[in-house]
Amino acid sequence: MNALIAATVVPNFGGASSCVRDNGTFCWSWFSGRWGNTFWPALRQHLLLTTVAIAIGTAIAFGLTLLAHRDRRVGPPVTFVSGVLYTIPSLALFQILVPITGLTFLTVEIALVSYTLLILFRNFTTGLAEVPSEVREAARGMGLTRRQVLWRVELPLALPAMIAGLRIATVTVISLATVAALVGINQGLGVPIFDAIQGGAFKTELFAAGILAVALAIGADLLLLGVQRVLTPWAKARSR
Amino acid sequence: MSDIGHAFTFIGDNLDLLRRDTLTHLSIAGIATLISLVLAVPLGVWLGHLRRGSFLAINISNIGRALPSLAVLSIALPFVGVGRSTVIIALVVLAVPPMLTNAYVAIAGVDPDAVEAAKGMGMRPREVLARVELPLALPLIFAGIRTATVYVIATATLGGFFGGGGLGDIIADQATYRIQGVLAAAIWVALLAILAEVLLAGIQRLLTPRGLRGAPEVGPATAF
């Protein structure tokens, strides 16, 4: 390309085509050229960050829910601590973790998991608490043990509320995972956004990464809504 | 860990800077919150009063919840350019859904018996709204405002990377403030968000009629 020979307009976004040099609204050729080595890997990484955080968060929140189910005193302190964690702005939490765990996958995961806890714990416990007591009594009356009531009656009935929590947690994590790049962690869809900001607000890169992040979040939300409908056909999937 | 110690030294040495940036931060968040409030709450209350538009109210919140804040900022940037307006517009986009949905759910969820009784007493629709529905719905409407406000204060931090100013400015500028300054601002903004949450939770409690207190608390994660 002889664009390099021509007097380049500043800022030159490392680019060749006139669209890129003029910072046009959306340069398709630039985007498709970067899809394979930038956007697709970033998208996959983002999905990995999200899946791991949701899996760990679900395991912790589920364990805490079972504890709280057995002992009422567990609930309030868990809600308090996870509430405080949830309130900390993500950029601040990532930044505070960096001196301790470095610019690593672990740092991102610690922060992301901590944001899932309040949402998941609250939805899980609400789901269990909303099981009608007649149903519980009936199951006990039929001779089921406490453990059987929990696994065969209460948890299945709580499933819609639990999946609703998973949906909220998942889109939240997808959103917050983009922020990790701003503190210099090279993971996920935030990386091209940060790159575009530093490169003089390169529009194509901003739009591409932004739209991919929105699409990922909405896609994940719809997918989980589908799961919710399939797993709990008796409950009209009400989003809450 | 000594970085964190230095961060506290930085806070002690730069209280003026932090105070100034906190004011900017809160004014950005305040403007965005006020604009969202004016746009969202009357609409939500009106739709809730008519018991209409539940599809709109619920779906706006579902889509709004799925919008990554940084993505909204980065999509707004090419349209509006680097600066405070971009940040405020993005914050409004993010704050409207929880406010609208909570206002709708709050009003539409008022006990129908209370509404019927008010009608039976001869109240006109406007009186029913003003004297029955609004007072009963106020705590839940405010819960939406609280969720959105804390979210806006937290997200305004990202504005530092988009020329918005405020405490994010320090976090975005490690070249000037070095790691201790960046960490100090991070700790500061975390405390600010927690303080705002505690304060607003207190106000919400005061707005809740005494008889309803002790009912399951409506907090940040329920609506959002």
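This section describes the fold of chain B, its contact with chain A, a helix pair in chain A and the nonpolar core of a predicted model.

Chain B is made up of ten helices and zero strands, so that its elements, read from the N terminus, follow the order α-α-α-α-α-α-α-α-α-α. Along the principal axes, the C-alpha atoms of chain B occupy a box of roughly 70 × 40 × 25 Å, and 50% of its 224 residues count as buried. Among the contacts in chain B with a separation of 6 or more, 77% are accounted for by residues 24 or more positions apart.

A single position illustrates the relation between sequence and space in this chain. B:Asn59 lies in helix H3 (residues 54-66) of chain B, and its C-alpha atom is 34 Å from that of B:Thr22, although 37 residues separate the two in sequence. Because B:Asn59 has 13 C-beta neighbours inside 10 Å, and a residue counts as exposed at 12 or fewer and as buried at 20 or more, this residue is classed as partly exposed.

Between the chains, 36 residues of chain B are in contact with 39 residues of chain A. On the side of chain B that touches chain A, at least two residues each are supplied by several helices, including helix H1 (2-13), helix H4 (69-80), helix H7 (125-156) and helix H9 (174-207). H9(B) provides the largest share of that side, with nine residues. By class, the residues on this side of chain B comprise 27 nonpolar, six polar and three charged.

Within chain A, the axes of helix H2 (residues 28-70) and helix H7 (residues 146-177) come within 9 Å and cross at roughly 135 degrees. This angle falls neither over 145 degrees, as roughly antiparallel would require, nor within 65 to 115 degrees, and H2(A) and H7(A) are therefore oblique to each other. Their crossing is right-handed. The residues of H2(A) that take part include A:His46, A:Leu49, A:Ala53 and A:Gly57, which meet a set in H7(A) that includes A:Leu166, A:Val173 and A:Ala177. Eight nonpolar, five polar and no charged residues make up the contact of H2(A) with H7(A).

The largest nonpolar core has 135 residues, and those with the most contacts inside it are A:Leu112, B:Leu91, B:Ala95 and B:Ala103. Helix H5 (residues 84-108) of chain B gives the most to this core, contributing 16 residues. When neighbours within four places in sequence are left aside, A:Leu112 is in contact with A:Leu49, A:Ala53, A:Val173, A:Leu176 and A:Ala177; of these partners, A:Leu49 and A:Ala53 belong to the H2(A) side of the helix pair, and A:Val173 and A:Ala177 to the H7(A) side.

Definitions and conventions: Residues numbered from 1 in each chain as written. Chains lettered and ligands numbered in written order. Predicted model: local features only at pLDDT ≥ 70, side-chain atom pairs only at ≥ 80, totals over all residues. Core = buried A, V, L, I, M, F, W, Y, C linked by C-beta atoms within 7 Å. Helix = DSSP H or I, 4+ residues; strand = E, 2+ residues; numbered from the N terminus. Contact = placed C-beta atoms within 7 Å. Nonpolar A, V, L, I, M, F, W, Y, C, P; charged D, E, K, R; others polar. Axes fitted to C-alpha atoms, helices over the stretch in contact; angles between N-to-C directions. Parallel < 35°, antiparallel > 145°, perpendicular 65-115°, else oblique. Left-handed = near helix turned anticlockwise from the far one by under 90°.
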